[in-house]
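Visitor: I should like to study this structure one question at a time. Please answer each with its reasoning.

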Amino acid sequence: MTIDMKDIVALCKRRGFIFQASDIYGGLNGFWDFGPLGIALKNNLRDAWWRSMVIAPPLGPDGSPVEIVGLDSAIIQNPKTWEASGHVGGFTDPMVDCKETKQRYRADHLLFLTPLDGKSVTIKGKQASAFAFMQGTSNEEIKERLKKLRVNKEFVGTSADISDLLAFTSLENVNLSETVGPDASEPGTLTPPRQFNLMLDTYPGVVRDEASKAYLRPETAQGIFLNYKNVLDSMRVRMPFGIAQVGKAFRNEVTPRNFIYRSREFEQMEMEWFCPPEEAAQWFDFWVAQRKQFWLDVGLPESMLQLRKHDQDELAHYAKEGLGTIDVEFQFPFTAPGFGELEGIAHRGDFDLRQHSEFSGQKLDYLDQINGNRRYTPHVIEPAAGLTRGVLALICAAYRIDPNRPAGLYLDFHPSMAPVKAAILPLTAKEDHVPTAQKLYMDLRKEYVVELDIKQNIGKRYARQDEIGTPFCFTIDNDTLQDQTVTVRERNSMKQDRIALHKVKDYLKQKIR
Ligand code: GAP
C-alpha cells in the first residue's frame, strides 16, 4: 500500500500532532511546531531512548549493564568549539541558485536529463541541452514539465518510458548555460555550485561583529565532548562509558523538505561511547545491533528497516578513518521502495577529543589506573538518532487505511508510544453515565495518559481515537449502571468485550506493558 505524504501531513494538522511553524503568518520554511499530541508522542520516544541509554542501559558483552550518564549542554558554546570540530571549515553542502526564480537547490539533490543523441532544443530563443529536476521527481512529473516547456514532443514523443530518449547524467557533465533549472522557464539561470556552510549564527551580547559571532549547535555531540573532562572528574565513571544527550540542533538546510524529515530546527538523541581504541570494533558492532533493536522495540516493523554502510565518499569529516558509519534506515513513504536515514552509528575515532585538546590546550585523555597507569585518548562510537525524524517514522509506520471504520484510517502505534493510552467515553452525556466515567478517568489518570471525551456521538468519538492511535476505548453505558461492567474496544481489531469496571486498570496494565 502506498501512503501519500499529503494525507499524513493533513492528519498531523487535523489531529494536533504537527503544525507548520508561524502558521498564521504563512509559515517559515524548515520550521515546525509540535501540537498537543505531537509533543506527547515525541516525549514518549525521547523517554524510551533515555530509558534504554541512561536509566536501564543494555547489558554489555560481559553480561553486566554498560555505564552511561546523561547531560544537557548549552545550545550555544564558545565558537572555538566549531573550529575545532571541523564544522566552521567543513560542514558545507554544495548549493546552486536559480537567478530567475530565486530558488536554491542542493547540487547533490539535483538530477539532470539530456537527450540521448546529443540533441538540443530552443526555448525562448536559447539553446537547451539539459533539464534539471529535484531528486524524487516521478517520470510522470518529468513528462508534465517537459510538456509545459513545449519540448515534450522532440524529447519524449509518445514513448511511455522517458529513458528511451533521455538519459540521466550528473552536474559535471552538463553545460549550465544550456540547462533549464527545476522551476525555470528558460535555460542558463542556474549558478555554478558553491559551498554553503550549514551552521546558523547569532551574536550573543551587545556587539554585532565577526569577533562576537557564535553558532547554534548543528549537532548535540560537541556539547558532550566539551564536557568529557567534567564528567570524568565529577562522576565515578570508568572506561568504557557513555554520555547521552537529547536536544535541539539547527542546520541551515539548503532545501528543507519532506515534512519534518529535513528541517532547519530539529532534535537529536546522541550518545558518545568512549572506549579504549582496541575495543572500538567490538563496541561498534554492539551499538549497531542495539540501535536497530531499539527501533524494533518502539514499533517500527523489521520489513521497513535496514542497515546500510556509508560509502567512503559520503563519510562525515570525523569518520573518514577507522570503521566508518552504518545507518539505520527507514522506508519513508517519500523514499519507498528505498530507505532514508533515521540514525547513524559512527566510529569517530579520537578525532574530536584530539581536536578539542589541541584547540583548548586541555588534556582530554584517560589514565587507566587499573591497567598499569596507561594513558590514552579514547575512541568514540556514536549512535546519533533523529528524534524528530523518529516521530515521523513512528507516524508513517503506524498509518493504516481502513475503509471499514468511520475515520477511514487509524494509527497503529505501539501502546508504549501512543500519545493517549485509553479514552473513557460515556455513551451519552446523560447524567447517569458521566459521573461513572469521570470517576474512572480520575482513577486511571494517576497512572496513564487517558482522555475523558463526552461530546459528540460515539461513532465520531471512536473515529477521533482511531486517528490519534489510542489503543483502547472504555464505554460507560446503561449496563454499566446495572452490572458494573464497561465495553472495551480494541483499536486494531475493533473487537468489543465487556469487562468489570474494577478490572479496567489491571486490563490496561497488562496490555500496555
Ligand atoms: N553527531 C552526528 C550527527 O549529527 P547526522 O547524521 O548529521 O550525525 C544524526 O545526524 C541524525 O540527526 C540523523 O540520522 C537524522 O535522524 C537527524 N537529522 C540530521 N539532520 C536533520 C535535519 N535537517 N532534520 C531532521 N533531522 C535531522
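Visitor: In what order do the four strands of the open sheet with mixed pairing stand?

Guide: In this predicted model, local features need pLDDT of at least 70 and side-chain atom pairs count only at pLDDT 80 or more, whereas totals for chains, interfaces and linings use all residues. Residues are numbered from 1 along each chain as its sequence is written, and side-chain values use heavy atoms, with hydrogens and water left out. Helices (H or I, at least four residues) and strands (E, at least two) are DSSP runs numbered from the N terminus, and two strands pair if DSSP finds at least two bridges between them. The open sheet has mixed pairing, and its four strands follow the order 10-6-9-11.

Visitor: Why is one side of strand 10 and of strand 11 left without a neighbour in the sheet?

Guide: Strand 10 (166–169) and strand 11 (179–180) stand at the edges. One side of each is left without a neighbour in the sheet because each has a single partner strand.

Visitor: Which residue of strand 9 is the bridge partner of Leu110?

Guide: Strands of a sheet pair through backbone hydrogen bonds, either parallel or antiparallel. Strand 6 (residues 110–115) and strand 9 (residues 130–134) run antiparallel and are joined by four bridges. Across this pairing, the partner of Leu110 in strand 9 is Met134.

Visitor: At about what angle to strand 9 does helix 5 run?

Guide: Helix 5 (residues 139–148) lies across strand 6, strand 9, strand 10 and strand 11. Axes are lines fitted to C-alpha atoms, for helices over the stretch in contact (heavy atoms within 4.5 Å). Angles between N-to-C directions run from 0 to 180 degrees, and helix 5 runs relative to strand 9 at about 135°.

Visitor: Which residue in the hairpin of strand 4 and strand 5 takes a positive phi?

Guide: Strand 4 (residues 92–97) pairs with strand 12 (residues 194–197) in the antiparallel sense over four bridges, with Pro94 opposite Gln195. Strand 4 is also joined antiparallel to strand 5 (residues 104–106) by three bridges, and Asp97 has Arg104 as its bridge partner there. Six residues lie between the strands of this hairpin, and the positive phi, near 65°, belongs to Lys102.

Visitor: By how much are neighbouring strands of the seven-stranded sheet turned against each other on average?

Guide: This open sheet, of mixed pairing, has the order 3-15-16-22-19-18-17. Strand 3 (68–71) and strand 17 (305–309) each have a single partner strand, so one side of each lacks a neighbour in the sheet. With direction ignored, the average turn between neighbouring strands is 20°.

Visitor: Which residue of strand 19 stands opposite Phe330?

Guide: Strand 18 (residues 325–330) and strand 19 run antiparallel, joined by six bridges. Opposite Phe330 in strand 19 stands Gly340.

Visitor: Which strand gives the most residues to the shell around the ligand?

Guide: There are 22 residues around the ligand, a residue being near if one of its heavy atoms lies within 4 Å. Strand 16 (265–275), strand 19 (340–349) and strand 22 (379–386) each supply at least two residues of this shell. With five residues, the strand that gives the most is strand 19.

Visitor: What share of the exposed area of the ligand does the protein bury?

Guide: Polar side-chain atoms of Glu253 and Glu270 lie 2.8 Å and 2.4 Å, respectively, from a nitrogen atom of the ligand. A polar side-chain atom of Glu341 lies 2.6 Å from an oxygen atom of the ligand. Taken alone, the ligand exposes 550 Å² (Shrake-Rupley method, 1.4 Å probe). Of that area, the protein buries 91%.

Visitor: Where is Pro337 found, and what is omega of the peptide bond that joins Ala336 to Pro337?

Guide: Pro337 has its place in the loop between strand 18 and strand 19. The bond joining Ala336 and Pro337 is a cis peptide bond, with omega about 5°.

Visitor: Which residue in the loop between strand 15 and strand 16 has a phi near 60°?

Guide: The value is positive and occurs in a residue other than glycine. The residue found in this loop is Phe259.

Notes:
Polar contact = N/O pair within 3.5 Å; in protein donor to acceptor, adjacent residues only side chain to side chain.
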